[in-house]
Amino acid sequence: MVRLWVILGVAAVVFTIYAAVDCALFDRSRIRGLPRGWWIVVILVVPIIGGLLWFLVGRGRAVRVGRVFPHSAAPDDDPEFLRRLRVDAEHQERIRRLEQELAELDDDTPPSRARPDDALGSDRRRNEGGTDTPGEPGPSGRPNA
């Protein structure tokens, strides 16, 4: 009978040490419930029950590829996703306004600037055989000089 108690005591110590080392080396992102330091304290203060709690509650499962995360949310519940949507909408609105302003600038070309002789840089004051005499108003309404 004494031998049985010694074996159970050694098994409890080995289980407690194994649980404490497992907790100390476990991936931080997969620990549930308490922070790592508190789990180690629980495991050492309450040896068998603390170790059982660690393996049943504190130790998170590995996430398999292709599985849905248990903490994932729908896109409309994700604040980062909603922020990106708002930024994209603002960006599209800004592009639309700039395109509209550009179209308005193209349409607002004044008639006096659209003359072909202005594009060639000719001199309006120069009278090349025209009937305008100096001092009379020219096509622009200003007197020829």
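Of the 145 residues of this chain, 12% count as buried. The model is a predicted one, and the description below proceeds from the whole chain to its helices and then to individual residues.

The chain contains five helices and zero strands, so that along the sequence the pattern reads α-α-α-α-α. Its exposed surface amounts to about 12,300 Å², of which carbon and sulfur atoms supply 61%. Where contacts link residues at least 6 apart in sequence, 40% of them join residues at least 24 apart.

Helix α1 covers residues 2-25. With 24 residues at 1.5 Å a residue, helix α1 should span 34 Å, and the 35 Å between its end C-alpha atoms agrees with that expectation. The buried residues of α1 are A12, T16, A19, A20, D22 and C23. An α-helix has 3.6 residues a turn, so residues three or four places apart point the same way. The partners of the buried residues of α1 are two helices, α2 (36-45) and α3 (47-58).

These two partners also meet each other. The axes of α2 and α3 come within 5 Å and cross at roughly 140°. On the α2 side, the contact is made by W39, V42, I43, L44 and V45; on the α3 side, the participants are P47, G50, G51, L53, W54, V57 and G58. By character, the residues of this contact comprise nine nonpolar, three polar and no charged.

Individual residues show how the three helices are connected. T16 is found in helix α1. T16 counts as buried because its relative accessible area is 9%, under the 20% cut-off. Apart from neighbours within four places in sequence, T16 is in contact with I43, L44, P47 and I48. Of these, I43 and L44 are among the α2 residues that contact α3, and P47 is among the α3 residues on the other side of that contact.

D22 also lies in helix α1. With a relative accessible area of 13%, D22 is under the 20% limit and is therefore buried. Beyond its neighbours within four places in sequence, D22 is in contact with W54, F55 and R59. Two side-chain partners can be specified further: a polar contact of 2.8 Å joins the side chains of D22 and R59, and the side chain of W54 makes a polar contact of 2.9 Å with the side chain of D22.

W54 itself belongs to helix α3. What is the relative accessibility of W54? The value is 0%, and W54 therefore counts as buried. Setting aside neighbours within four places in sequence, W54 is in contact with A19, D22, C23, F26, I31, W39, I43 and R59. This list includes A19, D22 and C23, which are buried residues of α1. The list also includes W39 and I43, which belong to the α2 side of the contact between α2 and α3. V42, another residue of that α2 side, has its C-alpha atom 8.5 Å from that of W54, although twelve residues separate the two along the chain.

A further residue of helix α2 is G37. Is G37 buried or partly exposed? Its relative accessible area is 45%, which lies between the cut-offs of 20% and 50%, so G37 is partly exposed. G37 and A24 stand 13 residues apart in sequence, and their C-alpha atoms are 8.1 Å apart in space.

Taken together, the buried residues of α1 pack against α2 and α3, and W54 of α3 has contacts that include D22 and I43.

How values were computed. Residues numbered from 1 in each chain as written. Predicted model: local features only at pLDDT ≥ 70, side-chain atom pairs only at ≥ 80, totals over all residues. Heavy atoms only, no water. Helix = DSSP H or I, 4+ residues; strand = E, 2+ residues; numbered from the N terminus. Expected span 1.5 Å × (residues − 1). Buried < 20%, exposed > 50% of the residue type's maximum accessible area, 1.4 Å probe, protein only. Contact = heavy atoms within 4.5 Å. Areas by Shrake-Rupley, 256 points an atom, 1.4 Å probe, with all protein chains shown as cover. Axes fitted to C-alpha atoms, helices over the stretch in contact; angles between N-to-C directions. Nonpolar A, V, L, I, M, F, W, Y, C, P; charged D, E, K, R; others polar. Polar contact = N/O pair within 3.5 Å; in protein donor to acceptor, adjacent residues only side chain to side chain.
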